[in-house]
Protein chains: 4
Amino acid sequence: MAAALDEFASRGYAATRLDDVAKRAGVAKGTIYLHFADKETLFQEIVRAMVVPIVMNIEAPPPGDMPTRQVFDHLARLFVSEVFGTRRRAIVRLMLTEGPRFPALAEFYYREVIERVLAGLRALVARAVARGELRDDTLARLPQLMVTPLIFSVVWNSLFERFAPLDPAALIKAQLDLVFGKETQP
Amino acid sequence: MAAALDEFASRGYAATRLDDVAKRAGVAKGTIYLHFADKETLFQEIVRAMVVPIVMNIEAPPPGDMPTRQVFDHLARLFVSEVFGTRRRAIVRLMLTEGPRFPALAEFYYREVIERVLAGLRALVARAVARGELRDDTLARLPQLMVTPLIFSVVWNSLFERFAPLDPAALIKAQLDLVFGKETQP
Amino acid sequence: MAAALDEFASRGYAATRLDDVAKRAGVAKGTIYLHFADKETLFQEIVRAMVVPIVMNIEAPPPGDMPTRQVFDHLARLFVSEVFGTRRRAIVRLMLTEGPRFPALAEFYYREVIERVLAGLRALVARAVARGELRDDTLARLPQLMVTPLIFSVVWNSLFERFAPLDPAALIKAQLDLVFGKETQP
Amino acid sequence: MAAALDEFASRGYAATRLDDVAKRAGVAKGTIYLHFADKETLFQEIVRAMVVPIVMNIEAPPPGDMPTRQVFDHLARLFVSEVFGTRRRAIVRLMLTEGPRFPALAEFYYREVIERVLAGLRALVARAVARGELRDDTLARLPQLMVTPLIFSVVWNSLFERFAPLDPAALIKAQLDLVFGKETQP
DNA sequence: GATGAATGAGGCTTCATTCAT
DNA sequence: CATGAATGAAGCCTCATTCAT
């Protein structure tokens, strides 16, 4: 699966040859079919299997007294170190680029990841409002605003990293500053 | 080219058959080769040809006395009506999904579109700072923050429109509220 | 189709390679797919196309005054010269050997050929009874008895021709002798 | 071997997978290779092993005073109950359908079964002629005529049983009636 | 003996590309 | 210019066979 992920990530679904996956994994072509019904299943299994762990962290409730801004900072660092900085980033990119052609996968992703992430974000926003850290509830209606910089960073860097690498940590920090007001002590 | 765009947009580059493009265009398969060297060239020509017009608007300098917030509002509306609401949205999505596999195309896109858009955004941010409409210059360093909602909307809707359509106008307005402060009179 | 028939006839359906069919036909492998959806369709189309002409003859009504025995003699000669002695014999053999694995084909064969042949045989038997050429009507209930020697000859020779070729003309003549009584003047 | 016979019988030689044979037999795939060199050998061994018992009965000499017609009746009943009505019918069908592709098997079948059956039939025909039960010796030259209904029944039912099942007992009885004259007391 | 995971040759099928008309 | 039949390389998948355990 690691070999397949690498191939899918670097060539895309359609351009990946199972021959190459097998070669990279150090097995014969037929061996793949002992574990996966076909290329499509292999692809979907990989994404499914690696997508779920990504979401785990956000659901853990934050310590009761931590400022919400700090919670978001923590989550952002988590994303950068555990997703963006790792092979999991490829999973996110594959979802974005291949998802439209795999409706079943997109639905799975939505149910297993997106809905949970959104719910978690909404809960955090509500917490911040309740604690007087946020003035209004626009963000409760559009919690996506808390993660646009993350997705944007993945997209940007997959296309333009060569020309102008974009630091996801800086981008998300700037967004948090917009939301919570500029930090006074960094 | 319109036929090819439709096919590429709905199936992706690799899964598009020139047979289908020809059928949709009402010509014979061979005819395509009278105009384009091969499938790859066809794809790149289409994206190039349709990408350029997208950028035109942003470069026109804004009326001298218009509040910068209004300029951004106008540009956002322009994006929604002229890109998101039209077939051009497919072009943006194709750039995002196929770009990684077409480095030449990504470079072209970066030079012809992204750099110019960024420069335009930077100029607008500088204008806003100069006019006292923005306090600090984080946005001058990361002008991408002004467009993350647009890109995010395209990505989101290409994957999850079925489950939870996301209104790009609302998302960009909320982002502008974050940047400029909540509008008092709409 | 002729090339495919030859290959199917000499190797059976499963063992036939489309590569060989193409080679024998003097075309490229892909060309086959311009005319037939897949190997299975190719096989079925061939059998269908060549099976129908076989049945034509038997349906023509016999001259009013000809002894029924002569009508059968004529049909038997027709079978020997137009089917057994030609490439069409391979069609019959293919139906027998591959039919069980192609239920759709067997049904088609039954509807298009067998039912018609049986009806024709029944009509002839009835005619013979009406003219006093046959005593009882067992054959009207089991008209298959008029063709068992033909089918048997095809089966026998496909297996044992090398060891003991069986003359279908002699076998069917002997059967007709059994049915109508030994011919007095040959 | 029973498992393999079932698989071969229902799918044909080429379409049978050793995986399925092993599964049906409740052993591992490799186990098959402890007993048979390869798939072809397995197939031939099965047919050989089960073909021989079929022929045994016909060679037992008939009771001296039994009318030959009765002997044939008895043999016909034996075929129906011991072959047609049992799994052995599959063996006969496999010989017919796969024989052309296994010349060695066809030869074995001819030597071990056909020749003996033919000899037995000839002896019976000669006995009938000697006893005045048959007028002429056409059947001595073409003893196959005594079994065409049996083979035909197997072929017919393997193809058309769904549409019009054919009773082998009725067919062979009718043929015997043709040969020996209609039975007066059944 | 028995297992069953692994192998890889082989065959079907697709589709970008060509070219005679 | 346009056609579309023909090509054949390329890739997915199957399954008989092997062999370390």
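I count a residue as near a molecule or strand if its C-beta atom, placed from the backbone, lies within 6 Å of it.

**Ground rules.** I am working with a predicted model, where local features need pLDDT of at least 70, side-chain atom pairs count only at pLDDT 80 or more, and totals for chains, interfaces and linings use all residues. Residues are numbered from 1 along each chain as its sequence is written, while chains are lettered from A and ligands numbered from 1 in the order in which they are written.

**DNA strand E.** I looked up its surroundings and found 28 residues, of which A:Ala28, A:Gly30, B:Asp38, C:Asp38 and D:Gly30 come nearest. Among the elements giving two or more residues to this surface are helix H3 (29-35) of chain A and helix H2 (18-25) of chain B; helices here are DSSP runs (H or I, at least four residues), numbered from the N terminus. By class I get 10 nonpolar, six polar and 12 charged residues; Asp, Glu, Lys and Arg count as charged, Ala, Val, Leu, Ile, Met, Phe, Trp, Tyr, Cys and Pro as nonpolar, and the others, Gly among them, as polar.

**Chains A and B.** Next I checked contacts (C-beta atoms, placed from the backbone, within 7 Å). I find 35 residues of chain A in contact with 35 residues of chain B. On the chain A side, H9(A) gives the largest share, nine residues. That side divides into 23 nonpolar, eight polar and four charged residues.

**Chains C and D.** I superposed the copies by least squares on C-alpha atoms of residues with pLDDT of at least 70 in both. A turn of 180° and a shift of 0.0 Å along the axis lay chain D on chain C with an RMSD of 0.1 Å. The two copies are thus related as by a two-fold rotation axis. D:Thr97 is the residue of chain D that comes closest to the rotation axis, at 2.1 Å (C-alpha).

Conventions
Contact = placed C-beta atoms within 7 Å.
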